[in-house]
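Please look over the sequence and the three-dimensional view before reading on. The report is meant for someone who has not met this structure before.

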Amino acid sequence: MSTSVQEQRLRRRFDMWDKNGDGTIDRSDWAGEAKRILLSFGENESSPKGRALADAYLGMWEYVAGQAGVGVDGALGFEEFKGVATEQVLDRGQAGFDQVLRPTISAIADLCDTDGDGQVSPQEFQRWIGAIGSAESTADAAFKLIDTDGDGQLSVEELIEAVHRYHSGELEFSLL
C-alpha cells in the first residue's frame, strides 16, 4: 500500500478521536469515544461491559502514549500518532494488531453483542459505527465486506482482520 493511502487512513482515525479539533489527541479523546459507544448502547460505565470497554480504550491509549514517550497525561500530534501506529501496529502486522487492538475490538464486540450470541449483527454494527462518528449509511456495505464467512454476523476475528486489511490496503471502505 502506498504511504499516502496509509497516512490518509491514519489521519482519518486521528481526526475521529480529535473531537475538539485542537490537532492533538489525549486520554480524554479516547475516553470520550468509549463513552459515546457506551451511550449508544445504553450501557452504564460502571457495568462489567462498560468497565471492560473503558479499560480497553484507556489501555490502548496508555500503550500508544507510552510508546510515543508522552506519558498518559500527555498529548500526541498527528506525526507522533502516525509514527507509533506505523511502528507498533502496521509494521508488526497481525502481531501488532493483536497486541494493540484486539482487547479494544473484543470489548466493543462484547458490548455490541446485545443478544449474547457471541457475534455482532448488522444492527449492532450500525450502532457502533454511528457511535464512533462514522456515517451509519455506509455500515451495511462495510458489514458485507467484513463478513468474510457470509453468515450475516461478525466475529471478533473478522473485525480484527478487517481493521488489519483496511490499514494494509487490502480492504476499501470508509468507516475506520
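The text goes from the whole chain to its core and then to four single residues.

This is a predicted model, in which local features need pLDDT of at least 70 and side-chain atom pairs count only at pLDDT 80 or more, while totals for chains, interfaces and linings use all residues. Residues are numbered from 1 along each chain as its sequence is written, and side-chain values use heavy atoms, with hydrogens and water left out.

**The whole chain**

The chain holds nine helices and two strands, where helices (H or I, at least four residues) and strands (E, at least two) are DSSP runs numbered from the N terminus. Read from the N terminus, the order of these elements is α-β-α-α-β-α-α-α-α-α-α. The C-alpha trace spans about 40 × 40 × 30 Å along its principal axes. The radius of gyration, taken over C-alpha atoms, is 15 Å, which agrees with the value near 16 Å for a compact globule of 176 residues; the globule rule behind that value is 2.2 Å times the number of residues to the power 0.38.

Of the 176 residues, 48% count as buried, a term that means under 20% relative accessible area, with exposed meaning over 50% and partly exposed lying in between (1.4 Å probe, protein chains only). The chain exposes about 8000 Å², of which carbon and sulfur atoms supply 49%; such areas come from the Shrake-Rupley method with a 1.4 Å probe, and for residues only the protein chains shown count as cover. Contact means heavy atoms within 4.5 Å, and among contacts between residues at least 6 apart in sequence, 61% join residues at least 24 apart.

**The nonpolar core**

Which residues have the most contacts inside the largest nonpolar core? They are I37, L53, Y57, F81, F125, W128 and L159, in a core that has 50 residues. The largest share of this core, eight residues, comes from helix α3 (residues 48–68). A nonpolar core is here a set of buried Ala, Val, Leu, Ile, Met, Phe, Trp, Tyr and Cys residues joined through side-chain atoms within 4.5 Å.

**Four residues**

The table lists the relative accessible area of four residues.

| Residue | Relative accessible area | Class |
|---|---|---|
| I37 | 0% | buried |
| R165 | 18% | buried |
| T138 | 27% | partly exposed |
| E80 | 37% | partly exposed |

I37 is found in helix α2 (residues 27–40), and, leaving aside neighbours within four places in sequence, I37 is in contact with L53, Y57, I108, L111, W128, A131 and I132. Although I37 and A131 are 94 residues apart in sequence, their C-alpha atoms are 5.0 Å apart in space.

R165 belongs to helix α9 (residues 156–167) and, not counting residues up to four places away in sequence, touches L145, T148, E170 and L171.

T138 lies in the loop between α7 (122–131) and α8 (139–146); T138 and Y63 are 75 residues apart in sequence, and 30 Å separates them in space, C-alpha to C-alpha.

E80 sits in helix α4 (residues 78–90), where, with residues up to four places away in sequence not counted, E80 touches V70 and A75. The C-alpha atoms of E80 and Q6, which are 74 residues apart along the chain, are separated by 15 Å.
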